[in-house]
Amino acid sequence: MLLHRVTNIFVFAGCLLLLLTTGSVAFAQEDADDPKGEIFMEAKPGHKNAIFSENGSIAYKLKVKSTYDVRQDGKLTYELLTDDWKKVWSGSTSVRLGKNGSGTYNVRVPQQKPGVYRLHFALNLSYYDDTVRRVAVVSPEKIVTESHMPGDFDSFWAKAKDQLGKVKPEYTVTEDVKQSNRDVRVYKVEMRSLDNVKIRGWLTVPTEGKNWPVIYKLPGYNIPMKPETDKPDFAVFAIDVRGNGMSRDIVAPQADRYNVTNIENRDRYIYRGVYMDCIRGLDFIMSHADLGLNTSKVAVLGGSQGATLAVVVAALDKRVTACTFELPLYADMHDAYHIGTSFPKTTWPVNRFQDYLKIRRGSFTEAKFLAVWDYYDPQNFASKISCPVLMGVGLLDEFCPPRCSFGMYNKLTTYQKEFRVAPDKAHEMNFDYFMFQLLWLKESLRVPN
Amino acid sequence: MKKRHLLSALLLVCTAKAYAGWPIGKYRHIIVPSLSFYYSKNYWDANGRKVVTGAGNQFSSVTAGVTAGYGLSRRTDLYVSLPFTTLENKFVGGSQTQSGLGDATVGLSYNIAAFKYKRYLSVQGTVIAPLYSVNQTGVPLGYGTVGAEGKLMFSGAFVSSSYFNMEAGYRRYFDNKGPNQIVYDVNIGTPLDERKKNQLTFDVGGVTSFSSNKNLVVTGNPNLVYDGYYVKTTASYGHKFTNKVSVFASAFYTVVGRNASIGSGGSLFMIYKF
């Protein structure tokens with residue numbers, strides 16, 4: 001944590017930036033005569049990846065290093081909060097940092113029930129104020145979230161699939177010679193999906209060999225797909241669902257209104273078509289073994305919104321061999337909505353839903369909104385997945401609350417499931433995760449290392 | 001060739017370099033058929049001095065072998081190897097030949113740590129079982145006794161696109177003469193092109209062997225060293241045909257030793273992963 005003596009404005013901007021990026025906040029004294037220096041704070045969890053047991057305490061080691069040329073006295077305050085910002089426990093200890101001094105402070109929080117907790121370490125010194133924010137998880141496998149599955153959930157989606165089945169796909173596959181190279185052939189693919197909407201995607205197939213296992217990549221929120229040319233061991237089909245990237249012929253909402261498009265009608269909500277687009281994409285893969293695809297080895301993969309889509313496809317279609325996703329957006333919408341609004345400033349995407357509800361105040365309520373989302377909530381699909389699953393969670397993620405991700409994960413009943421966390425990441429995963437995910441895909445699809 | 005202290009050139013070691021240290025991966029398999037040739041004529045004596053033998057002395061062997069590996073779990077791999085060797089020992093006034101199955105090995109490797117999934121620290125335990133018997137008159141195909149080996153391996157990404165493998169271990173043959181051996185190897189490989197279709201590897205390895213058997217006149221098989229050491233260098237070229245099939249050709253030469261043969265040779269092996 002770098003702190004300079006700067007004006008209030010710059011400190012505020014810096015704090016805001018840090019809050020957005022790392023969850024850490026710093027405040028500085030503004031007196032021009034204050035001594036100069038920096039304070040480095042490092043909060044290290046006692047258990048790897050900040051995952052603790054409900055039978056033990058939550059331990060952190062806080063290392064503080066000062067480069068100030070004066071001694072500073074003050075206090076280290078630590079607070080444990082629930083993920084929806086309810087204070088659970090607090091403590092403090094006095095701090096004395098000598099000139100260019102350092103100190104180590106062990107913080108031990110009494111054992112807690114399974115859940116996701118915020119840990120705030122606030123350092124208040126003579127010339128320096130700083131707060132480091134971390135998230136710890138207690139017994140994630142025991143986190144339970146309430147299920148809100150509608151009684152007609154299965155028939156709702158069976159009907160959607162029936163309707164999709166009546167739409168002729170009209171596949172067209174065109175090699176994009178400009179993007180093809182000696183290692184990989186790039187195809188632009190078009191097809192028809194629910195409501196006869198035309199959707200597109202990129203298929204990449206290695207030039208050498210045949211019978212390639214397939215990674216079916218599903219898009220994040222308004223993330224246009226591109227040909228995946230850096231996966232030498234797989235064919236990759238990356239689909240642009242309706243309203244995304246290349247698939248905006250008819251359905252083309254503004255980016256910030258995408259997830260509220262037709263939200264008041266469960267039968268017309270944009271995600272009904274989006275989910276069926278993903279099934280149609282799988283239909284495409286399964287009917288094109290002639291392009292060198294091994295249709296018995298197909299993994300769905302996605303991040304954020306793409307995670308939700310991966311879960312949905314794996315649940316609705318048993319042709320999927322493996323399912324891996326990270327940062328599942330929209331998981332457990334009830335709790336996610338509650339947690340999103342518990343922040344000092346409501347987080348995305350809940351703020352977009354809130355904005356919509358404000359506009360439609362009186363006619364479309366939060367209850368109605370959640371009732372629609374119960375048909376689309378990925379956690380309601382989880383128990384229908386029967387293939388191996390790998391999930392990634394960024395513990396500092398404000399868009400996809402970890403509690404909701406674990407709640408959905410714990411509803412998976414498949415014979416093989418596992419998760420990895422990135423304790424210092426927000427809405428992203430770290431390098432280790434993606435390296436492991438690649439090995440996991442190779443294992444699941446039986447690709448040689 | 002005078003029957004002297006001898007060199008252990010386990011030619012299948014060359015093949016092992018292609019995957020040593022990297023876990024095969026759960027449910028995955030690897031098969032490595034190989035064909036190796038070894039030749040020696042001169043040797044280093046008990047003081048490490050080169051001794052040039054007279055005309056008409058030479059030793060050669062051809063080994064066809066297969067090594068198979070199976071990923072039992074993400075961390076544990078099972079290896080089995082089986083060699084078939086033909087030896088010919090020529091000396092002034094005659095020659096001896098012998099053919100047959102050599103030392104079979106069965107090993108388990110365990111990946112202790114994967115550092116960012118780019119570098120791997122593993123241990124491997126191997127049992128060596130002779131599939132032949134040694135008699136007084138023939139040329140033995142090996143030490144003729146059961147052995148065991150344990151080794152530590154560290155391998156993974158090196159600078160740029162290159163990779164490395166380092167390993168060291170201890171091998172013991174369960175006979176009152178042993179031998180007991182320290183084995184070690186360092187290997188660096190680098191792709192020759194952007195697509196990593198072609199690669200070149202360099203290898204330095206050796207064996208230091210201890211035994212109560214100080215007799216330099218041994219068996220007629222210079223692949224066997226009892227109380228001595230050697231260091232050999234190997235260069236290999238590999239071509240990847242597909243992501244499942246690669247073929248390597250290698251050549252090696254012993255550069256220094258004591259009570260060991262000065263040998264050279266080469267091998268051709270294919271790695272088939274599935």
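Domain bounds come from an automatic or database domain assignment.

**Figure 1. The two domains of chain A in the predicted model.** The assignment divides chain A into domain 1 (8-142) and domain 2 (153-444). Between the C-alpha centres of domain 1 of chain A and domain 2 of chain A the separation is 36 Å.

**Figure 2. Contacts between domain 1 and domain 2 of chain A.** On the domain 1 side, 14 residues of chain A are in contact with 13 residues of domain 2 of chain A. Strands β8 (115-125) and β9 (128-138) of chain A each contribute at least two residues to the side of domain 1 that touches domain 2. The make-up of this side of domain 1 of chain A is eight nonpolar, three polar and three charged residues.

**Figure 3. Contacts between chain A and chain B.** Here 15 residues of chain A are in contact with 15 residues of chain B. Of the residues on the side of chain A that touches chain B, seven are charged, six are nonpolar and two are polar.

**Figure 4. The largest nonpolar core.** This core comprises 126 residues, and those with the most contacts inside it are Y216(A), C278(A), A310(A), V311(A), V313(A) and C323(A). Helix α3 (residues 270-286) of chain A gives the most to the core, namely 10 residues. Because domain 1 (8-142) and domain 2 (153-444) of chain A both give residues to this core, the core lies between them.

**Figure 5. Surroundings of A310(A), and a separate core.** When neighbours within four places in sequence are left aside, the residues in contact with A310(A) are L218(A), V300(A), L301(A), G302(A), C323(A) and F325(A). Another core, of 12 residues, lies apart from the largest one and includes W44(B), V225(B), Y229(B) and I262(B).

**Figure 6. Helix α3 of chain A.** Most of α3(A) is covered, with 15 of its 17 residues buried. At 1.5 Å a residue, the 17 residues of α3(A) should span 24 Å, and the 25 Å between its end C-alpha atoms agrees with this expectation.

**Figure 7. The buried side of helix α7 of chain A.** Within α7 (residues 366-373) of chain A, the residues F369(A), V372(A) and W373(A) are buried. These residues cover an arc of only 100 degrees around the axis and therefore lie on the same side of α7(A). An α-helix has 3.6 residues a turn, so residues three or four places apart point the same way. The buried residues of α7(A) pack against two helices of chain A, α5 (333-342) and α6 (350-359).

Notes:
Residues are numbered from 1 along each chain as its sequence is written. Chains are lettered from A and ligands numbered from 1 in the order in which they are written. This is a predicted model: local features need pLDDT of at least 70, side-chain atom pairs count only at pLDDT 80 or more; totals for chains, interfaces and linings use all residues. Two residues are in contact if their C-beta atoms, placed from the backbone, lie within 7 Å. Helices (H or I, at least four residues) and strands (E, at least two) are DSSP runs, numbered from the N terminus. Ala, Val, Leu, Ile, Met, Phe, Trp, Tyr, Cys and Pro count as nonpolar, Asp, Glu, Lys and Arg as charged, and the others, Gly among them, as polar. A nonpolar core is a set of buried Ala, Val, Leu, Ile, Met, Phe, Trp, Tyr and Cys residues joined through C-beta atoms within 7 Å. A residue is buried if 20 or more other C-beta atoms lie within 10 Å of its own, exposed if 12 or fewer, and partly exposed in between; C-beta atoms are placed from the backbone. The arc is that of the directions from the helix axis to the C-beta atoms. The expected span of a helix is 1.5 Å times one less than its number of residues.
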